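This briefing goes through strand pairing, chain contacts, nonpolar cores and one backbone feature. The sequence and structure come first.

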There are 4 protein chains.
Amino acid sequence: MRWSDMDAYGHVNNVVYLTYLEEARVDMLFVHEPTHRAGRLASGVVVARHEIDYKRPIVFRPEPLRIETWVSRIGNASFTLGHEVVDDTPDGKRLLYARAASVLVPYDTAEDRPRRVTQEERAVLEQFLDPVPV
Amino acid sequence: MRWSDMDAYGHVNNVVYLTYLEEARVDMLFVHEPTHRAGRLASGVVVARHEIDYKRPIVFRPEPLRIETWVSRIGNASFTLGHEVVDDTPDGKRLLYARAASVLVPYDTAEDRPRRVTQEERAVLEQFLDPVPV
Amino acid sequence: MRWSDMDAYGHVNNVVYLTYLEEARVDMLFVHEPTHRAGRLASGVVVARHEIDYKRPIVFRPEPLRIETWVSRIGNASFTLGHEVVDDTPDGKRLLYARAASVLVPYDTAEDRPRRVTQEERAVLEQFLDPVPV
Amino acid sequence: MRWSDMDAYGHVNNVVYLTYLEEARVDMLFVHEPTHRAGRLASGVVVARHEIDYKRPIVFRPEPLRIETWVSRIGNASFTLGHEVVDDTPDGKRLLYARAASVLVPYDTAEDRPRRVTQEERAVLEQFLDPVPV
């Protein structure tokens with residue numbers, strides 16, 4: 001989190017939560033993609049849809065929050081990521097700040113148009129698959 | 001629009017669209033509320049949910065886009081705004097960049113908790129009511 | 001201004017002032033450059049230095065502030081813009097929110113390196129020249 | 001860094017560097033202040049001036065940059081932080097991305113006005129003092 005993520009209400013602005021999801025998505029596709037077989041996904045994915053439910057306000061603190069991210073659907077020309085913004089209390093309870101889903105479309109940046117999910121990408125995405133509706 | 005709304009793809013970042021919706025919402029509730037009977041709405045509304053479908057990329061230009069905003073639902077303890085981010089082409093066609101819905105909850109900032117929509121606020125919101133599902 | 005330009009202190013965050021300067025700079029170089037002879041400046045200028053003095057806090061309001069922008073120095077390989085963020089009070093006084101200077105370097109984006117100010121660009125910049133030290 | 005810190009040039013936008021400095025400042029005053037004797041500094045400091053020289057473009061990557069931060073001056077009613085945004089190359093060289101100075105003014109948020117640096121705060125700031133001009 002950044003201190004300036006907070007708005008005049010003293011809470012993290014609702015729009016910034018989507019930046020947090022973007023960070024988690026970039027981290028998953030760019031950084032942790034285990035075999036780099038999904039390299040083209042990392043370099044070209046377009047957001048087609050977001051939906052997000054806000055459950056609790058977030059106040060800045062130095063310690064990071066946790067963004068749990070998984071693949072909830074794999075289609076022919078798009079896939080969906082599920083997200084939960086969460087935290088653990090000192091006594092071990094799980095606090096839910098927001099729950100979200102993002103529909104992503106693989107994009108051919110050279111041709112400047114959407115493209116289909118390849119077999120190789122599907123195999124990578126299936127490793128993160130957890131078909132729980134958000 | 002601001003030039004820096006664009007990200008490394010050279011398009012307005014998908015998260016920034018929600019800031020555009022916020023500007024339209026603030027403008028409607030703070031500025032254009034015709035009789036100021038909904039003053040408490042302006043000073044205290046919390047976003048409970050967003051959903052947004054992206055239809056076209058936006059590239060920075062000096063001329064503003066248009067954010068059409070209406071009330072699509074009025075409940076007891078929340079209401080929903082519909083939004084379309086649009087533009088007119090030189091030959092009079094309407095271009096749709098995004099369509100969105102935001103669920104808003106009146107908030108009692110003194111008591112720090114959600115509250116119900118008052119009769120007076122309902123009357124104001126009804127002036128903007130267009131119960132088209134987004 | 002955007003409502004979310006404000007931070008948890010309820011004032012426009014000090015960093016956002018520099019975004020305001022960027023808007024003024026883009027507006028001057030992209031939009032108002034009178035004869036389009038400085039087109040390459042518009043498409044490629046890199047910021048080498050900013051200095052900014054904050055004079056008053058800014059609170060969001062629907063009406064825009066004014067960013068006065070002029071050219072304070074033209075060198076061989078850089079030039080300096082002066083800026084004042086100002087407002088007029090109802091009784092005609094001038095309020096100064098911030099004063100700033102930005103050193104800009106023409107950039108050859110194809111070659112990916114700084115370049116000199118051309119004679120034509122110098123002529124355009126001289127129209128905005130007001131060699132007042134900021 | 002966040003991926004969206006980059007602008008349409010594919011580099012971190014120059015304005016965002018100041019947000020990086022803010023993060024370092026908040027981290028130093030809120031988090032690492034060793035004895036919490038400077039607690040009032042953490043909760044109330046206003047930026048009076050920034051100056052920043054940009055030395056190299058920054059491209060997003062998952063690994064953090066380092067923001068070296070020190071106290072370069074302690075006055076009666078303000079103090080100055082020096083900053084360098086740096087990185088180490090694999091072969092041990094130090095890369096400088098930007099050098100900056102920020103003048104900060106202790107602020108009495110209850111009274112809504114600037115105040116003097118207390119003796120206790122001065123003692124804390126002196127621990128970070130390195131009077132190198134930036």
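In β3(B), Leu81(B) is the bridge partner of Val71(B). That pair belongs to an antiparallel pairing of strand β2 (residues 66-74) of chain B with strand β3 (residues 79-88) of chain B, joined by eight bridges. The model is a predicted one.

**Strands within chain B**

- Between β2(B) and β3(B) lies a hairpin connection of four residues.
- β3(B) also runs antiparallel to β4(B), and 10 bridges join these two strands.
- Within that second pairing, Leu95(B) in β4(B) stands opposite Asp87(B).
- The hairpin formed by β3(B) and β4(B) has five residues between the strands, and Gly92(B) in its turn has a positive phi of about 85 degrees.

**Strands within chain A**

- Strand β2 (residues 66-74) of chain A and strand β3 (residues 79-88) of chain A are paired in the antiparallel sense, with eight bridges.
- Arg66(A) has Val86(A) in β3(A) as its bridge partner.
- Four residues separate β2(A) from β3(A) in the hairpin that they form.
- β3(A) pairs over 10 bridges, again in the antiparallel sense, with strand β4 (residues 94-108) of chain A.
- Asp87(A) has its bridge partner in β4(A), namely Leu95(A).
- β3(A) and β4(A) make a hairpin with five residues between them, and the turn includes Gly92(A), whose positive phi is about 85 degrees.
- As background to these pairings, side chains in a regular strand alternate between the two faces of the sheet.

**Contact between chains A and B**

- This contact involves 13 residues of chain A and 13 residues of chain B.
- On the side of chain A that touches chain B, α1 (14-31) and β1 (45-54) of chain A each contribute at least two residues.
- β1(A) provides the largest share of that side, with eight residues.
- By residue class, the side of chain A that touches chain B consists of six nonpolar, three polar and four charged residues.
- Strand pairing also crosses between the two chains: β1(A) and strand β1 (residues 45-54) of chain B are antiparallel and pair over five bridges.
- One bridge in this pairing links His50(A) with its partner Ile52(B) in β1(B).

**Contact between chains B and C**

- Chain B and chain C contribute 11 residues each to their contact.
- The side of chain B that touches chain C has five nonpolar, two polar and four charged residues.
- Chain B is superposed on chain C by a rotation of 180 degrees with 0.0 Å of shift along the axis, at an RMSD of 0.0 Å.
- The two copies are therefore related as by a two-fold rotation axis.
- Both copies use the same surface, since 100% of the contact residues of chain B recur in chain C.

**Nonpolar cores**

- Nonpolar side chains tend to be buried together in soluble globular proteins.
- The largest nonpolar core here has 53 residues, and those with the most contacts inside it are Tyr17(A), Leu18(A), Tyr17(B) and Leu18(B).
- A second core, separate from that one, has 52 residues, among them Tyr17(C), Val85(C), Ala100(C) and Val124(C).
- Leaving aside residues up to four places away in sequence, Tyr17(B) touches Val12(B), Ile52(B), Val85(B) and Ala98(B).
- Ile52(B), one of these contacts of Tyr17(B), is also the bridge partner of His50(A).

**Positive phi outside glycine**

- Most residues other than glycine have a negative phi.
- Asp112(A) has a positive phi of about 60 degrees although it is not a glycine.
- In chain A, Asp112(A) is located in the loop between β4 and β5 (113-114).
- Asp112(A) counts as exposed because it has 8 C-beta neighbours inside 10 Å, where the cut-off for exposed is 12 or fewer.
- In chain B, Asp112(B) likewise is not a glycine and has a positive phi of about 60 degrees.
- The loop that holds Asp112(B) lies between β4 (94-108) and β5 (113-114) of chain B.
- Asp112(B) is classed as exposed because 8 C-beta neighbours lie inside 10 Å.

Technical notes: Residues are numbered from 1 along each chain as its sequence is written. Chains are lettered from A and ligands numbered from 1 in the order in which they are written. This is a predicted model: local features need pLDDT of at least 70, side-chain atom pairs count only at pLDDT 80 or more; totals for chains, interfaces and linings use all residues. Two strands pair if DSSP finds at least two bridges between them. Two residues are in contact if their C-beta atoms, placed from the backbone, lie within 7 Å. Ala, Val, Leu, Ile, Met, Phe, Trp, Tyr, Cys and Pro count as nonpolar, Asp, Glu, Lys and Arg as charged, and the others, Gly among them, as polar. A residue is buried if 20 or more other C-beta atoms lie within 10 Å of its own, exposed if 12 or fewer, and partly exposed in between; C-beta atoms are placed from the backbone. A nonpolar core is a set of buried Ala, Val, Leu, Ile, Met, Phe, Trp, Tyr and Cys residues joined through C-beta atoms within 7 Å. Copies are superposed by least squares on the C-alpha atoms of residues with pLDDT of at least 70 in both.
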